[in-house]
Amino acid sequence: MGTVLLTGAAGTLGKMLRAPLGGICRRLILSDRFPLNGPLAAHEQDHPCDLTDRAAVQRLLEGVDAVVHLGAHSVEAPFEQMARANLDGVFHLYEAARLAGTRRVVFASSNHVTGCYPQGQLLDPSDPARPDGYYGVTKLFGEGMAQLYWYRYGVESVCLRIGTCLPEPPDRRALSTWISPRDLFSLVTAALRTPDVGCLVTYAISDNPDRWHNDAGWAQLGYRPQDSAERWRAEVADKVFPEGSLMARLQGGSFLGIGPFDPPA
Ligand code: NAI
Ligand code: 15L
């Protein structure tokens, strides 16, 4: 791979993916709102950029072959708090990619695009969206931008509806939604490398026996998950949401316990 841009590089997943991504590209541009702390490797470059600044995002994409777009407001919140990064920011990113001739975007979408489906129901990426909050709606918007920029302008995208990416599953819900950092890296690598993906939406989940998301898209990408949440079952089996609550009934879990929100003062 030539030059890869990692947005949201200072965040949880950015920190996880930075080192392994550096091993598969010639140059890795790391970007977040603020400069990164600490030393840079020889192949790394730090390019701070606020995604809400259209001209700055256009400069950021110059010479970039592919993007792993993680930069976003990453949890449920009042709409006004996330609209600029997750709506304007995604628009700026895709428009800059078009102008720069960037070949591909790996877009960090989320399982919260379909978080209002009942727990236990196995979903396919083609099932109608059922976002569980404003956050999920912004991710659905990002997937819409991915479709527009592929079908109209030829910018390819792989939209990864990521589940719960942490070193270990934190609760019983995550026995279904967990993806290990190792599996996420392998899926992101496949999403960058597989030729002719067009615009593909797939769920990013480990090989959990209880998962609620099918493997559509995995064979095309050559993704074979190595990990499973199952080995933590005993530790997390009693970490559950109150019985009967939306959090316990619907796939989005805790996000269904956030909101509705008062209007801004
Ligand atoms: P995070 O909140 O730790 O990191 C997001 C990063 O984006 C932060 O470093 C933040 O400074 C940056 N950012 C926010 N607004 C920005 C702006 N206006 N300009 C530039 N940078 C901005 O989130 P995390 O957990 O690392 O997630 C990364 C991506 O993956 C997000 O898009 C999130 O929605 C998505 N995702 C994450 C999941 C997970 O399990 N961690 C699950 C599903 C999706
Ligand atoms: C997400 O989309 C969030 O960014 C992350 O913080 C987790 O909460 C994850 O979904 C999840 O559903 O567990």
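This is a dialogue about a predicted model and the terms used to describe it.

Mentor: Ground rules before we start. This is a predicted model, so local features need pLDDT of at least 70, side-chain atom pairs count only at pLDDT 80 or more, and totals for chains, interfaces and linings use all residues. Residues are numbered from 1 along each chain as its sequence is written, chains are lettered from A and ligands numbered from 1 in the order in which they are written, and side-chain values use heavy atoms, with hydrogens and water left out.

Trainee: What makes a residue part of the shell around ligand 1?

Mentor: Distance. A residue is near a molecule if one of its heavy atoms lies within 4 Å of it. For ligand 1, 25 residues surround the molecule. The closest are L13, D32, L70, S74 and Y135.

Trainee: What makes the G11 pair with ligand 1 a polar contact?

Mentor: The cut-off is a pair of N or O atoms within 3.5 Å; within protein, one must be able to donate a hydrogen and the other to accept it, and residues adjacent in sequence count only if both atoms are side-chain atoms. A backbone N or O atom of G11 is 3.2 Å from an oxygen atom of ligand 1. That is within 3.5 Å, so the pair counts. The side chain of R33 offers an N or O atom 3.0 Å from an oxygen atom of ligand 1. At L51 a backbone N or O atom lies 2.9 Å from a nitrogen atom of ligand 1.

Trainee: How much of ligand 1 does the protein cover?

Mentor: On its own, ligand 1 has 820 Å² of accessible area, and the protein covers 87% of that. Such areas come from the Shrake-Rupley method with a 1.4 Å probe; for residues, only the protein chains shown count as cover.

Trainee: Which element gives the largest share of the shell around ligand 1?

Mentor: Strand β5, with 3 residues. Helices (H or I, at least four residues) and strands (E, at least two) are DSSP runs, numbered from the N terminus.

Trainee: How is the shell around ligand 1 split by class?

Mentor: Into 11 nonpolar, 10 polar and 4 charged residues. Ala, Val, Leu, Ile, Met, Phe, Trp, Tyr, Cys and Pro count as nonpolar, Asp, Glu, Lys and Arg as charged, and the others, Gly among them, as polar.

Trainee: And ligand 2: where does ligand 2 sit?

Mentor: In the largest pocket. The space taken by ligand 1 is the largest pocket too. On a 1 Å grid over the protein atoms alone, a pocket is an open set of points with protein on both sides within 12 Å along at least five of seven lines. A molecule sits in one if more than half of its atoms lie within 2 Å of its grid points.

Trainee: Which residues surround ligand 2?

Mentor: S74, S110, N111, H112, Y135, G163, T164, R173 and F255. By class, that is 2 nonpolar, 6 polar and 1 charged.

Trainee: What polar side-chain atoms lie by an oxygen atom of ligand 2?

Mentor: One belongs to T164, at 2.6 Å. Another belongs to R173, at 2.8 Å. The side chain of Y135 has an N or O atom 2.7 Å from an oxygen atom of ligand 2. Taken alone, ligand 2 exposes 320 Å², and the protein buries 74% of that.

Trainee: Why is E95 called buried?

Mentor: Buried means under 20% relative accessible area, exposed over 50%, partly exposed in between (1.4 Å probe, protein chains only). E95 has 10%, so E95 counts as buried. E95 is in helix α3, residues 79-100. The side chains of E95 and Y149 share a polar contact of 2.4 Å.

Trainee: Is H92 buried or exposed?

Mentor: Buried, because its relative accessibility is 8%. H92 also lies in helix α3. Its side chain reaches the backbone oxygen of L51 at 2.8 Å.

Trainee: Why is L30 called buried?

Mentor: Its relative accessible area is 0%, so L30 is buried. L30 is in strand β2, residues 27-31.

Trainee: Is D196 buried or exposed?

Mentor: Exposed, because 67% is its relative accessibility. D196 lies in the loop between α6 (181-193) and β9 (199-204).

Trainee: What is phi of D196?

Mentor: Near 55 degrees, a positive value in a residue other than glycine. Most residues other than glycine have a negative phi, and most peptide bonds are trans.

Trainee: What kind of peptide bond joins G259 and P260?

Mentor: A cis bond, with omega about 0 degrees. P260 is in the segment after α9 (246-249).

Methods. 1 Å grid on protein atoms, 1.4 Å probe; cavity = no way out; pocket = protein on both sides within 12 Å on 5 of 7 lines; lining within 4 Å.
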